[in-house]
Amino acid sequence: MDHRARVHRAQRRVPARIPHPGRGARAARTRRVHPASSASAASRSARSIRVSRANGHRVAAPLDSRCSLGERAKLERLVTPDTRLAIVGGGPVGLVTALIAADAGLDPVVIEPRATPIDKACGEGLMPGALRLVRELDLDPPGAPLRGIAYVQGAKRAEHLFAGEGGRGVERTVLHATIAARVAQQGIPVVAGRVDAVEQHDACVTLSGPGLEPLTAGYVVGADGLHSAVRELVGLTREPQRASRRRYGLRRHYALAPWSDLVEVRWTPDVEFYVTPLGPRSVGVALLGPRGVDFGTALAAEPELRALLSADARGESPDQTGSTRGAGPLLQRTSARTRGRVLLVGDASGYVDALTGEGLRLGFAQARAAVSAIIAGDPHGYEREWAALTRGFRGMTSGLVAAARSPLRTAIVPAAVLLPGVYGAIVERLAR
Ligand SMILES: Cc1cc2nc3c(=O)[nH]c(=O)nc-3n(C[C@H](O)[C@H](O)[C@H](O)COP(=O)(O)OP(=O)(O)OC[C@H]3O[C@@H](n4cnc5c(N)ncnc54)[C@H](O)[C@@H]3O)c2cc1C
């Protein structure tokens, strides 16, 4: 998709005006987080987005600097920051935020430096709750059914089949392309650029970055992932974890027929492998482990998985496709999720670990909560909702990571085998 192309805005509900933060919400004073240009916020807003009408649709695109002053003045009347929501980061959570915002009558614009479809190291399992939220947006990305989760360690295997509707394994680029196609269809502008400055005013926020025309909006949602620049710029990043404690993720794809319709979590003494069916001839293998972990070395220590992935052993070919992708450190702590008119969603809002495969479900639920809070003019309401949405994930995932790092590590799978009711209850709690 060409981010700089003009895009058509499809029919919308009557746009809502973005209200000012409500009582009790701390309206931000003008706070320069990064040196910004001297132009007024309003004229920056007009300059950054060009809006015209074609065939009854609004057309929005970054405005180039050759626009005449008269045209800018005209645009300034058409585009006000009142309904504009700027979303920094066009990963799955940023794009879903844009769809929900457009549906709620806001005027979203997404800023993303990378071209669609965007790949990322991920286990690529849409757990039942994530799939439900995706379906609520009338999206149906193709993939492979997921019926449950198996924990495997040597000959020990604990399985839990999801009680209700299952999940789906979906290649990351397929998921991203599916959401991005809907965003384009809805006429939501995606501007190519990387935000590196956030300037908060009483009634709006201005974003800028290299190659990015300054853009003013009523609110900003930071959906820019694990290493969120927005989080850092508004001062919501907490101190990082000690280097020796950090965990990282790697992912590879194999062009093989899946041998199971469960996500298999294979526990070795040092790492966990996540094996996810993704399609008739596609299996994803994600690995979680310490800094410097090498995929090939870790796989060599798990001969059963290595054999299953080996083309020779299965009479299939070829095996690995594409490159190995990495992400981390996984633990990202935040002091709060809202500052003034900036709200954080997805990995940008804080992340514990991929061990429980919940990032997308939580990110999509946060997107919905953030948009509701913006419509209500109550960003602090989002803070409460974020805490409620993530409580289970934070508690259980932190506990499991702590156990995985302790001498109890080798007892996790045997305990799941011995206590299937407890194991099943935990999987259900996390997957919904
Ligand atoms: C190994 C591993 C396995 C996982 N397995 C699963 C799983 O099975 N199921 C699951 O649900 N979750 C899983 N997760 C978590 C999941 O991948 C994340 O929670 C999810 O990708 C978060 O999406 P996001 O849109 O918040 O962030 P991202 O997908 O990281 O998107 C952020 C976007 O922001 C853009 N960006 C960054 N900086 C800027 C900037 N300054 N300006 C503008 N744009 C910017 C980036 O280019 C990127 O496109 C896993 C994670 C890992 C690491």
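Angles between axes under 35 degrees count here as roughly parallel, those over 145 as roughly antiparallel, 65 to 115 as roughly perpendicular, and the rest as oblique. The structure is a predicted model, in which local features need pLDDT of at least 70 and side-chain atom pairs count only at pLDDT 80 or more, while totals for chains, interfaces and linings use all residues. Residue numbers run from 1 along each chain as its sequence is written.

Start with helix α10 and its partner α11 (residues 379-405); helices are DSSP runs of H or I, at least four residues, strands are runs of E, at least two, and both are numbered from the N terminus. The axes of this pair come within 8 Å and cross at roughly 160 degrees, with axes taken as lines fitted to C-alpha atoms, for helices over the stretch in contact, and angles running from 0 to 180 degrees between N-to-C directions. α10 and α11 are therefore roughly antiparallel to each other. Their crossing is right-handed, that is, the near helix is turned clockwise from the far one by less than a right angle, anticlockwise being left-handed. On the α10 side the contact includes Leu 362, Ala 365 and Ala 369, and on the α11 side Tyr 382, Trp 386 and Phe 393 are among the residues met; contact means C-beta atoms, placed from the backbone, within 7 Å. By class, this contact has 11 nonpolar, three polar and one charged residues, where Ala, Val, Leu, Ile, Met, Phe, Trp, Tyr, Cys and Pro count as nonpolar, Asp, Glu, Lys and Arg as charged, and the others, Gly among them, as polar.

α3 and α5 (residues 172-185) have axes that come within 10 Å and cross at roughly 25 degrees, so α3 and α5 are roughly parallel to each other. This crossing is left-handed.

Then there is the ligand. A total of 40 residues surround it, the closest being Gly 91, Gly 123, Gly 249, Gly 346 and Gly 359; a residue is near if its C-beta atom, placed from the backbone, lies within 6 Å. Elements giving two or more residues to this shell include α3 (92-103), β17 (247-254) and α10 (359-376). With four residues, α10 gives the most. The shell splits into 18 nonpolar, 12 polar and 10 charged residues.

A couple of backbone details remain. A cis peptide bond joins Thr 116 and Pro 117, with omega about 0 degrees, and Pro 117 sits in the loop between β6 and β7. Glu 124 is found in that loop too.

Conventions: Contact = placed C-beta atoms within 7 Å.
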